[in-house]
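The questions below ask on what grounds particular labels are attached to parts of a structure. Each reply sets a value beside the criterion it has to meet.

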Amino acid sequence: MNKRTRLVILLAVIAVCFVFLWPSISWYGRTPKENQQLALGSTENIKSYAELQAAEDVRTIVAMDKNSVLSEDYAWVGKKAAKQYKKLGKKVPSPLTVKDVLSIYDSEKEFLDDLQEKYRSEILKAKSYYDNSVKLGLDLSGGMNVIVKADLDAAVASMNEDNATDNIAAYKKEAMANAIENLTSRIDRFGLTSPTVRQQGEDRIYIEIPGAAQAETINTLIMGKGILNFRLVDNEATNAFKAYYVQHPATTFNAVGELMDKSIIPEDCEVFGVYKKDSYGIDERYDWVVVKKEIALNGDHVKSAMVTSDSITGQIEVDFKLDLEGAQIFADFTSAHVGDNLAIVSDNKVKSNATIRDAITGGSVSLSGGFSQAEAENIQKVLQSAWLNVPLEVESQQVIGASLGDAAIKQGEMAIALGLGLILIFMLFFYHASGINAVVAQVLNLYIMFSVLSAFNYTLTLSSIAGMILTIGMAVDANVLIFERIKEELRAGKSRVAAISMGFDNAFWAIMDSNITTFIAALFLAALGTGAIQGFAVSLAIGVCSSVFTALFVSRLIFDFDTDVLHAKKVSIGWGIKQ
């Protein structure tokens, strides 16, 4: 391989690594703290933030003097209005007044949506940076982990004739899956930072929440039970509310999501969003509905739920059964409200809005409405949260303060900087100008390591930093082998070009043997180990690969550059070497 090809490969590697590293640079170095906090929240919280900020801007601009020019703080609104003028093929007025800005939009809702896009794209862009960057583990970022024990035996014991089953194992599995689903939904709705919720063993749930979190609040979320009930829909009030919302999208709700004018719906009603799961499995609001405050039926009367299909039409349905008391309440209610709509409300979210076609007696209820399989399964899970009652108990809890994480980061940075600095001083002192090759190789080695970690969205922990520090010491070993071989060739009277070529050739297999054995050991540790051991092994494996590349490829290219471009005749590589 000629020198030009090697240079092109090196530049390509540096460029690709920069692309991989850019999300981490942008997240940790270019994203404001307030945007980081918003980006780390749930998608629902980001949406609410964008809506509320845009609504506040609309209210402020509408209240301005219509003949005035937008202030500097709202210059970005003027740019959006100018784009709207150009989009419609109209000339942009100069100067652009508040009246001109408002008149280019067909409605206040259109104006609100355009402003909302600015906030949404800003936070989602930051969220994208985070998703593709190196993450900090709990030991660095702070946070808490909780192990929750699910009492499946108590859940089995609480079964009655309505939901009894012969397959206890299947019941436990279903109950466990439902408990995890509920916990994930609650924690995500709370807006916490990228929570991890997974099953551990047969009856335990592991929860990991990076960042600052109050233990009491988290325990309340874990131990709480979702509220499920059935409410009568006020169709007339719903239509009136939707018409009002279209005309006043920015002034309907305040900053905490409460109605600013409570008179737009009847006193005995509440307005809730209608939600469905989007392609990412996140609750997405797509409509509004006004329901009665009075609860028609509590969810604790639901005893089983399953997805079926109509034997004649093949249409997907959700069937659920009620206990004896619930069956009587539901029969009386549906008899009095045939033709009305009934909403299933879970944690103040409407998950289904169905029409009561006939009086439903006997306690067996069938929901239909053109559901897809996924939609039907989501409704089933909502109903299951009422009857798959699994007692949860916090078995262990560990809270790591953010200050402790900051101290760990500073100690890790200090260890890397000190280790790198001492090694580089030694190399420069012992190998003179050739030590610069080792300096460049080591810096590039760390650059490549962090780039690979960023490319795989790796979580950085203290053990990972330990692996990096070890890699620094091991990486310089390859340079030492090469330099000592070159010195041997120079002592034998070889020229600069011959000594460098023979030095790299003779050191090649010694370097490869030592690094291959280390890499194999790291692979086994990564595959068989867990937690801190796995983090250490992964960073070590990455470091081994990058150090071999920098020592054999980059260092050789630097020597060749000195020879061909700087026309060096001798090698400055240590004490007592005569050339």
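Q: What makes strands 8, 9 and 12 a sheet, and in which sense do they pair?
A: In this predicted model, three strands form an open sheet in the order 8-9-12, and the pairing is antiparallel. The edges are strand 8 (302–309) and strand 12 (364–367), each of which pairs on one side only. Neighbouring strands of this sheet are turned against each other by 20 degrees on average, with direction ignored.

Q: How do you know that strand 8 and strand 9 are paired?
A: Pairing requires at least two bridges between the strands, and strand 8 and strand 9 (residues 316–322) have 7 bridges in the antiparallel sense, so the criterion of at least two is met. As one instance, M306 has D319 in strand 9 as its bridge partner.

Q: What makes strand 10 a mostly covered strand?
A: Of the 6 residues in strand 10 (residues 341–346), 6 are buried, where buried stands for a relative accessible area under 20%. The cover applies to both directions: N341, A343 and V345 point one way, L342, I344 and S346 point the other way, and all are buried.

Q: How do you know that strand 10 has strand 5 and strand 11 as partners?
A: The criterion is again at least two bridges. Strand 5 (residues 228–233) pairs with strand 10 over 6 bridges in the antiparallel sense, with L232 standing opposite L342. Strand 11 (residues 349–355) also pairs with strand 10 over 6 bridges in the antiparallel sense, and there S352 is the bridge partner of I344. Both pairings therefore satisfy the requirement of at least two bridges.

Q: Which residue in the hairpin of strand 10 and strand 11 takes a positive phi?
A: That residue is D347, whose phi is near 50 degrees, in a hairpin with 2 residues between the strands.

Q: Why is E51 called buried?
A: E51 has a relative accessible area of 18%, and the label applies under 20%, so E51 counts as buried. The residue is found in helix 3 (residues 43–62), and, apart from residues up to four places away in sequence, E51 touches L112, Q116 and R285.

Q: Why is A537 called buried?
A: The relative accessibility of A537 is 0%, which lies under the 20% limit, and A537 is therefore classed as buried. A537 is found in helix 18 (residues 531–564). Leaving aside neighbours within four places in sequence, A537 is in contact with A522, L525 and A526. A537 and A466 are 71 residues apart in sequence, and their C-alpha atoms are 9.7 Å apart in space.

Q: Why is H432 called partly exposed?
A: Partly exposed covers what lies between buried, under 20%, and exposed, over 50%; H432 has a relative accessible area of 22%, and so it is partly exposed. H432 lies in the loop between helix 14 (402–431) and helix 15 (435–455), and it has a positive phi of about 55 degrees although it is not a glycine.

Q: How do you know that the peptide bond from S94 to P95 is cis?
A: The omega of this bond is near 0 degrees, and the bond is cis. P95 is found in the loop between helix 4 (75–87) and helix 5 (98–103).

Q: How does the span of helix 12 stand against what is expected, and which of its residues are buried?
A: Helix 12 (residues 324–336) has 13 residues and reaches 19 Å from its first C-alpha to its last, close to the 18 Å expected at 1.5 Å a residue. Its buried residues are G326, A327, F330, A331, F333 and T334.

Q: How many disulfides does the structure hold, and why are C17 and C269 called buried?
A: The structure holds 0 disulfides, a disulfide being a pair of cysteine sulfur atoms within 2.5 Å. C17 has a relative accessible area of 7% and is therefore buried, and C269, with a relative accessible area of 4%, is buried too.

Q: What share of the protein is buried, and what share of its contacts join residues at least 24 apart?
A: Buried residues make up 45% of the 579 residues. Among contacts between residues at least 6 apart in sequence, 72% join residues at least 24 apart. The protein has 18 helices and 14 strands.

Note on methods. Residues are numbered from 1 along each chain as its sequence is written. This is a predicted model: local features need pLDDT of at least 70, side-chain atom pairs count only at pLDDT 80 or more; totals for chains, interfaces and linings use all residues. Side-chain values use heavy atoms; hydrogens and water are left out. Helices (H or I, at least four residues) and strands (E, at least two) are DSSP runs, numbered from the N terminus. Axes are lines fitted to C-alpha atoms, for helices over the stretch in contact, and angles run from 0 to 180 degrees between N-to-C directions. Buried means under 20% relative accessible area, exposed over 50%, partly exposed in between (1.4 Å probe, protein chains only). Contact means heavy atoms within 4.5 Å. The expected span of a helix is 1.5 Å times one less than its number of residues.
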